[in-house]
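Biologist: Hi, could you walk me through this structure? I'd like to get a feel for how the pieces pack.
Modeller: Happy to, let's have a look together.

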Amino acid sequence: MKAQILYISHGGGPLPLLGDDHHRHMVAFLKTLSTSLVRPDAIVVVSAHWECAKPTVLSSAKPGLLYDYYGFPKQAYQIQYPAPGATNLAHEIASLLDGALLDEKRGFDHGMFIPLSLIYPDASIPTTQLSLLSSLSSLEHWKLGEALRPLLDQNILFIGSGFSFHNMRLFFQRDDEQNHAFQEFLIDACTTDLPVAQRKERLVGWEQVPYARYCHPREEHLLPLHVCCALAQKKAELVFDDEILMRRSLGFLWR
């Protein structure tokens, strides 16, 4: 496998770039992450902040940015990340997915440009985004990852950009055993040497795990992990395990 696959918790809106102290561990991790990666020829981001009825791939050659957050200081809407689009790769991805669409107008959302501003601040690597499915089906997202496997022999960095804990009402509150229990489930499901079928069963059935809906009332920030695991089909390395917004959050890497 030449490709590298990364699942990260991308933090709260633009706060990682605004000096927010509750993101200091995440920022430090992402700023040094590139030193442990092979520099990719292209990047594919599956962001929690884009949902479509059918799999949709960003195909613009020069995507703009979507400031898809509100209520932040002026500088949050002046962030720039002028990465070129990966048009040819976008078409290749679409050819692998049944009923896939191409979107030439959409820009990069903050699930892309916030973490990549920290990982690769030069903004020179061609990048595209792949949407989640609005069904929010864990099985369908597993199948989405499986369908991308023909791309694994290319020097691509796939990024699942979400958040391993995402209950908006409970950020900025002291962490608790409910979250720790669910994070431990994710670590076990992703990093243990399991048969693919067993890993799939655990992750597709994530809702049955204690405190699953406590940690994810809505699953859009978890589903990029399903895409990553199905794409890799092997155990991950735990590369981040620390607090973001006062909640334990995780990052995984496959290479």
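Biologist: Let me start with one side chain: which residues does Phe-252 touch, not counting residues up to four places away in sequence?
Modeller: Keep in mind that this is a predicted model. Phe-252 touches Ile-5, Leu-6 and Tyr-7, then Leu-186, Ile-187, Cys-190 and Thr-191. Its list also takes in Leu-225 and the run Ala-236, Glu-237, Leu-238 and Val-239.

Biologist: And which residues touch the most other members of the largest nonpolar core?
Modeller: Phe-252 and Trp-254 do, in a core of 87 residues.

Biologist: Which element gives the most to this core?
Modeller: That is H8, which contributes eight residues. As a general point, nonpolar side chains in soluble globular proteins tend to be buried together.

Biologist: Let's stay with H8. At what angle does it pack with H4?
Modeller: The angle between H4, residues 138-147, and H8, residues 223-232, is about 40°, and their axes are 7 Å apart. Angles under 35 degrees would count as roughly parallel, and H4 and H8 are therefore oblique to each other. Their crossing is right-handed.

Biologist: Which residues make the contact?
Modeller: On the H4 side you have Ser-138, His-141, Trp-142, Leu-144, Gly-145 and Glu-146. H8 brings Leu-223, His-226, Val-227, Cys-229, Ala-230 and Leu-231. By class, that contact has seven nonpolar, four polar and one charged residues.

Biologist: How far apart are the axes of H4 and H6?
Modeller: They come within 9 Å and cross at roughly 140°. That makes H4 oblique to H6. The crossing is right-handed. Ser-138, Leu-139 and Trp-142 of H4 meet Val-196, Arg-199, Lys-200, Leu-203 and Val-204 of H6. This contact divides into five nonpolar, one polar and two charged residues.

Biologist: How do H5 and H6 pack?
Modeller: H5 covers residues 177-191 and H6 covers 196-204; they pack at about 155°, with axes 9 Å apart. Angles over 145 degrees count as roughly antiparallel, and H5 and H6 are therefore roughly antiparallel to each other. H5 passes H6 in a left-handed crossing.

Biologist: Which residues of H5 meet H6?
Modeller: Phe-185, Leu-186, Asp-188, Ala-189, Cys-190 and Thr-191 do, and their partners in H6 are Arg-199, Arg-202 and Leu-203. By class, the contact of H5 with H6 has five nonpolar, one polar and three charged residues. Leu-186, Cys-190 and Thr-191 are also among the residues that Phe-252 touches.

Biologist: Where is Ala-181?
Modeller: Ala-181 is in helix H5. It is partly exposed, with a relative accessible area of 35%. Ala-181 and Ala-212 are 31 residues apart in sequence, and their C-alpha atoms are 9.2 Å apart in space.

Biologist: New topic, backbone angles. What is the phi of Ala-123?
Modeller: Ala-123 has a positive phi of about 55°, although it is not a glycine. Most residues other than glycine have a negative phi. Ala-123 lies in the loop between helix H3 and strand E5.

Biologist: Buried or exposed, that Ala-123?
Modeller: Ala-123 is buried, with a relative accessible area of 8%.

Biologist: And what is the phi of Tyr-211?
Modeller: Tyr-211 also isn't a glycine, and its phi is positive at about 70°. You'll find Tyr-211 in the loop between H6 and helix H7. With a relative accessible area of 41%, Tyr-211 is partly exposed.

Biologist: Great, thanks!

Methods:
Residues numbered from 1 in each chain as written. Predicted model: local features only at pLDDT ≥ 70, side-chain atom pairs only at ≥ 80, totals over all residues. Heavy atoms only, no water. Axes fitted to C-alpha atoms, helices over the stretch in contact; angles between N-to-C directions. Helix = DSSP H or I, 4+ residues; strand = E, 2+ residues; numbered from the N terminus. Parallel < 35°, antiparallel > 145°, perpendicular 65-115°, else oblique. Left-handed = near helix turned anticlockwise from the far one by under 90°. Contact = heavy atoms within 4.5 Å. Nonpolar A, V, L, I, M, F, W, Y, C, P; charged D, E, K, R; others polar. Core = buried A, V, L, I, M, F, W, Y, C linked by side-chain atoms within 4.5 Å. Buried < 20%, exposed > 50% of the residue type's maximum accessible area, 1.4 Å probe, protein only.
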